[in-house]
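Biologist: Could you walk me through this one slowly? I'm new to reading models.

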Amino acid sequence: AFGCNALPDIRYETERMRIATAFDEAVCEGTLAAFDEHVDAVEKELGRPRNDDPIVVYWLDDVTEHCGEDRTGCFFPGTRVLFSTGRSITHEVVHAVLDSTSHTYFVEEGLAEIYSGDDVWHRPDPEHGRPIDNLHLSKEAYRAGKLDYSGAAHFMRYVHDRKGAFGMRALAKDIAEGGSTSALE
């Protein structure tokens, strides 16, 4: 179900994760601890209940076979399994915490961007329109790479600034429960 090539074996087991790597170099203990802290922090920030089932991470050199072209990672809802080249592990962890099957791509990706811990700088691009115009982005457009991640993060930062942690938790709850973009709007 996850492609034709064999996946690497799990090499690291932490309290919150099971990590398989496609490389032989050791992952630093501090990095492993930071991953666990990140899961805890995202659950707390988004008001999600603690899930003691570990998140399974396949840290690969190339995720094309599992995630598609031009991707650095992906998460499969209902599985607690994510694939990443490393750059997107903390982003994909946000998706794993939400474990959403809804089609609220713009909001969910915005949450994943701002809670990944990476800085995002948004420069408006006429090709993507205003950030809010992407709220009802279709599954086809999302899969075709039409989502403006920095625009989504910029918009969610605006929502956070206006509605605070309470607003973000309410959005996370709606997304995790399969809310629609109309309900979120």
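Modeller: Sure, and we'll start with a term: contact means heavy atoms within 4.5 Å. This is a predicted model, where local features need pLDDT of at least 70 and side-chain atom pairs count only at pLDDT 80 or more, while totals for chains, interfaces and linings use all residues. Residues are numbered from 1 along each chain as its sequence is written, and side-chain values use heavy atoms, with hydrogens and water left out.

Biologist: Which residues does D148 touch, not counting residues up to four places away in sequence?

Modeller: Let's place D148 before listing its neighbours. It sits in the loop between α5 and α6; helices (H or I, at least four residues) and strands (E, at least two) are DSSP runs, numbered from the N terminus. Leaving out residues up to four places away in sequence, D148 touches H122 and H128.

Biologist: Is D148 buried or exposed?

Modeller: Here's the scale: buried means under 20% relative accessible area, exposed over 50%, and partly exposed in between, using a 1.4 Å probe and protein chains only. D148 has 10% relative accessibility, so D148 counts as buried.

Biologist: What is the length of the polar contact between the side chains of D148 and S150?

Modeller: A polar contact is a pair of N or O atoms within 3.5 Å; within protein, one must be able to donate a hydrogen and the other to accept it, and residues adjacent in sequence count only if both atoms are side-chain atoms. For the side chains of D148 and S150, the value is 3.1 Å.

Biologist: Which residues does the disulfide join?

Modeller: A disulfide is a pair of cysteine sulfur atoms within 2.5 Å. Searching the whole structure turns up one. With S to S at 2.0 Å, the pair is C67 and C74.

Biologist: Why is that disulfide of C67 and C74 called left-handed?

Modeller: Both partners are tucked away, since C67 is buried and so is C74. The handedness comes from the torsion about the S-S bond: the disulfide is left-handed because that torsion is about -70°.

Biologist: How many residues of helix α4 are buried?

Modeller: Helix α4 covers residues 105-114 and is mostly covered. Its cover includes α3, α5, α6 and α7. Among the buried residues are Y105, F106 and E108. The count for α4 is ten of its ten residues.

Biologist: What is phi for R80?

Modeller: Most residues other than glycine have a negative phi. R80 lies in the loop between β4 and β5, and it is buried, with a relative accessible area of 9%. Its phi is positive though R80 isn't a glycine, with a value near 60°.

Biologist: And what is phi for D99?

Modeller: You'll find D99 in the loop between α3 and α4. At 28% relative accessibility, D99 counts as partly exposed. D99 isn't a glycine either, yet its phi is positive, at about 45°.

Biologist: How far apart are the C-alpha atoms of A183 and L171?

Modeller: A183 belongs to helix α7, and at 55% relative accessibility A183 counts as exposed. A183 and L171 are twelve residues apart along the chain, and their C-alpha atoms are separated by 9.7 Å.

Biologist: Zooming out, what is the radius of gyration of the protein?

Modeller: The protein has seven helices and five strands. The radius is taken over C-alpha atoms, and the globule rule is 2.2 Å times the number of residues to the power 0.38. For 185 residues that rule gives 16 Å, and the protein is close to it, so it is as compact as a globular protein of that length, with a radius of gyration of 16 Å.
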